[in-house]
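Colleague: Let's go through this model together. I will ask, and you reason from the structure.

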Amino acid sequence: MIERWQEHHKEIISQMVWQLDLPEGIIPLVYDIWNKTRLKAARVPKSLIVDCVYLVAHMTGNRRSSKDVRDAALRVIARRTKPFNQDRRRDSVHWIEQDWAKEIVLEIIPDEESFQDFLDR
């Protein structure tokens, strides 16, 4: 059952990558980051996919605008989801700013400079 659920979400990642005209080779990177963060990040799985696609696109030199990613999300998941959207009522930081998230991302894409550039955007 969990495998089918994960495959469904991997297909959503593939569709997002295709919609954004990103290199197919980033799909495993997006999936690995999504899969390793999904239990800790305070995001629903599909919103987390949007975050991860945006992050990996940026870190691999295939940047896309937040608007383009939101538009792709609308076409793929029928919900215009802003990457790294945060509930402003809460006094917290984005999941990507947590030490555990940095560790996961840099394990998959070992480029600290690119990661910091993403955080500074």
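Modeller: Contact here means heavy atoms within 4.5 Å. Keep in mind that this is a predicted model.

Colleague: Which helices do the buried residues of H5 pack against?

Modeller: Helix H5 covers residues 99–108, and its buried residues are Ala101, Ile104, Val105, Leu106 and Ile108. These buried residues pack against three helices. They are H2 (27–37), H3 and H6.

Colleague: Is H3 roughly parallel or oblique to H6?

Modeller: H3 spans residues 45–59 and H6 spans residues 112–119. Their axes lie 9 Å apart, at an angle of about 125°. Perpendicular runs from 65 to 115 degrees, and antiparallel starts over 145. The angle falls in neither range, so H3 is oblique to H6.

Colleague: Is that crossing of H3 and H6 left-handed or right-handed?

Modeller: Handedness depends on whether the near helix is turned anticlockwise or clockwise from the far one. For H3 and H6, the crossing is right-handed.

Colleague: How many residues of the contact of H3 with H6 are nonpolar?

Modeller: H3 brings Tyr54, Leu55, His58 and Met59. H6 answers with Ser114, Phe115, Asp117 and Phe118. Two of the contact residues are polar and one is charged; the nonpolar ones number five.

Colleague: Asp117 also forms a salt bridge; which residue is its partner, and how many residues apart in sequence are the parts it ties together?

Modeller: The side chains of Asp117 and Arg63 meet at 2.3 Å, N to O. Asp117 itself is partly exposed, with a relative accessible area of 32%. Asp117 lies in H6, while Arg63 sits in the loop between H3 and helix H4 (66–77). So the partner is Arg63, and the parts tied together are 54 residues apart.

Colleague: Which helices does the salt bridge of Lys36 and Glu107 link?

Modeller: The two side chains meet at 2.6 Å, N to O. Lys36 is partly exposed, at 40% relative accessible area. The pair is 71 residues apart and links distant parts of the chain: Lys36 is in H2, Glu107 in H5.

Colleague: Is Asp71, the partner of Arg80, buried or exposed?

Modeller: Arg80 and Asp71 form a salt bridge, with the closest N and O atoms 2.9 Å apart. Arg80 is partly exposed at 43%. Asp71 has a relative accessible area of 18%. The cut-off for burial is under 20%, so Asp71 is buried.

Colleague: Which residue joins Asp71 and Arg80 in a network of salt bridges?

Modeller: The count for the model comes to six salt bridges. Asp71 and Arg80 are linked in a network, and the residue that joins them is Lys67.

Key. Residues numbered from 1 in each chain as written. Predicted model: local features only at pLDDT ≥ 70, side-chain atom pairs only at ≥ 80, totals over all residues. Heavy atoms only, no water. Axes fitted to C-alpha atoms, helices over the stretch in contact; angles between N-to-C directions. Helix = DSSP H or I, 4+ residues; strand = E, 2+ residues; numbered from the N terminus. Parallel < 35°, antiparallel > 145°, perpendicular 65-115°, else oblique. Nonpolar A, V, L, I, M, F, W, Y, C, P; charged D, E, K, R; others polar. Buried < 20%, exposed > 50% of the residue type's maximum accessible area, 1.4 Å probe, protein only. Salt bridge = Lys/Arg side-chain N within 4 Å of Asp/Glu carboxyl O.
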